[in-house]
Amino acid sequence: MTGDLPGFFAPWLASALVLVLSALLPARRVTGYVRDERSGQLLEYRMNGPLVFVVTIGLWLLAGYSGVMPWDWLWTHRWSGTAGALALGIVVSAAVVMTAPSRGGSLLKELYLGRYANPRMFGGRVDAKMVLYVFGATYLELNLLSFAAHHFLSFREDPSPGVVLYVALFTWFVCDYLVFERVHLYTYDLFAERIGFKLVWGCLFFYPYFYGVGLWAAADLPNPHAPVWLLVLATLVFFAGWSLARGANMQKFHFKLNPERTFLGRFRPEAISDGERRLLCSGFWRVSRHVNYLGEILMATGLALSLGQPALVAPWLYPLYYVLLLVPRERDDDRRCGAKYGPLWDEYRRRVPWRIVPRVY
Ligand code: NDP
């Protein structure tokens, strides 16, 4: 690994590629949910995440088929790639924060949480947050494919079906995010977070290198011959979680666009209102105040199980991470909503007393 410059700079090159593709490829224009801090106008977005993803994966496939880059190249260079992504995350975070005017308060806090809310690049063609998420999703997929390739090359005679299932479910997760990228415009990251180390380093390093932690451990191990029921259970848990997360996010998205519209032709939107603002109080949003977080944790649990080696510790770090991320985030969002909606939020809390897991928490 020592002196492995190609491995170190691979994430740098890939992020530059994603940035250029985001700026150049055709995109649909949509109006977002977040308002520009200065003008108060709703921000406009050029959205082409799925296309950027397909082109990047296509280039990787081309490099693999033509022999330019071995299929398991990212696995072979995974440690230098990790170091490169870590360094890239630090350099870009520092650059983004230090070139923005201070908002007051401690520099350390600003470095972590950021200064700019929603910076744009190339004359507004590329939204910095959205392109960071597209990079994280795309590079995670590249890592997963390359790590799985290593497994198949190492255990040609008897590869693990759990590795196939893990990559298939994670590919679903990544594609789901990209297909519904517009819905992401209505989420906490976009309206409540600023762009500092937490978000930049999170997308450039943590997302592509940590999320697949299960495969870091399992790609080098032989087929555990997991029972079929375990793989079926993993798939069921994953899709139960996906239904909760996607369902809740879509219901809220449609409600924000059109509060009268029936969701999925079935869920009539019941809302409580203070005459000015409304909060959805039916369907997924009746079950708990953040049932989408429960969905996300279940998806992560399904992924950990899908490798068919529940005694391995590493795959469980992923669901653990979600618990550590989403429990404090729910508290923070609760405070934010309490301040924004006042007595209306108190009423919602009375009607829907559970934070994340109904009848438990
Ligand atoms: P939510 O989508 O739950 O958004 C919370 C916001 O929704 C609130 O601040 C409020 O915003 C609005 N809101 C809350 N309750 C209601 C209601 N009853 N009716 C109408 N509006 C309501 O949370 P996040 O944005 O944190 O998460 C979005 C998705 O992203 C989730 O599925 C989450 O699990 C996922 N996620 C995924 C991560 C990953 O790494 N894969 C990381 C983090 C999140 P407003 O003031 O605008 O009304």
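In this predicted model, a helix is a DSSP run of H or I that holds at least four residues, numbered from the N terminus.

Q: What makes residues 317-341 a helix, α15?
A: The run has 25 residues, and the cut-off is at least four, so the length requirement is met. From first C-alpha to last, α15 reaches 35 Å, close to the 36 Å expected at 1.5 Å a residue. Just after α15, Gly342 takes a positive phi of about 55 degrees.

Q: Which element gives the most to the shell around the ligand?
A: Helix α15 does, with nine residues. Asp333 and Tyr341 are among the residues that come nearest to the ligand, and both also appear among the buried residues of α15.

Q: What makes the pair formed by Asp333 and the ligand a polar contact?
A: A polar side-chain atom of Asp333 lies 2.6 Å from an oxygen atom of the ligand. The limit is 3.5 Å, so the pair qualifies. The ligand taken alone exposes 920 Å², of which the protein buries 94%.

Q: Why is Cys281 in no disulfide with Cys337?
A: Their sulfur atoms are 13 Å apart, too far for a bond, because a disulfide requires sulfur atoms within 2.5 Å. The structure as a whole holds zero disulfides.

Q: Why is Cys281 called buried or exposed, and how is Cys175 classed?
A: Cys281 has a relative accessible area of 1%; the threshold for buried is under 20%, so the term buried applies. Cys175, at 28%, falls between 20% and 50% and is therefore partly exposed.

How values were computed. Residues numbered from 1 in each chain as written. Predicted model: local features only at pLDDT ≥ 70, side-chain atom pairs only at ≥ 80, totals over all residues. Heavy atoms only, no water. Buried < 20%, exposed > 50% of the residue type's maximum accessible area, 1.4 Å probe, protein only. Helix = DSSP H or I, 4+ residues; strand = E, 2+ residues; numbered from the N terminus. Expected span 1.5 Å × (residues − 1). Near = heavy atom within 4 Å. Polar contact = N/O pair within 3.5 Å; in protein donor to acceptor, adjacent residues only side chain to side chain. Areas by Shrake-Rupley, 256 points an atom, 1.4 Å probe, with all protein chains shown as cover.
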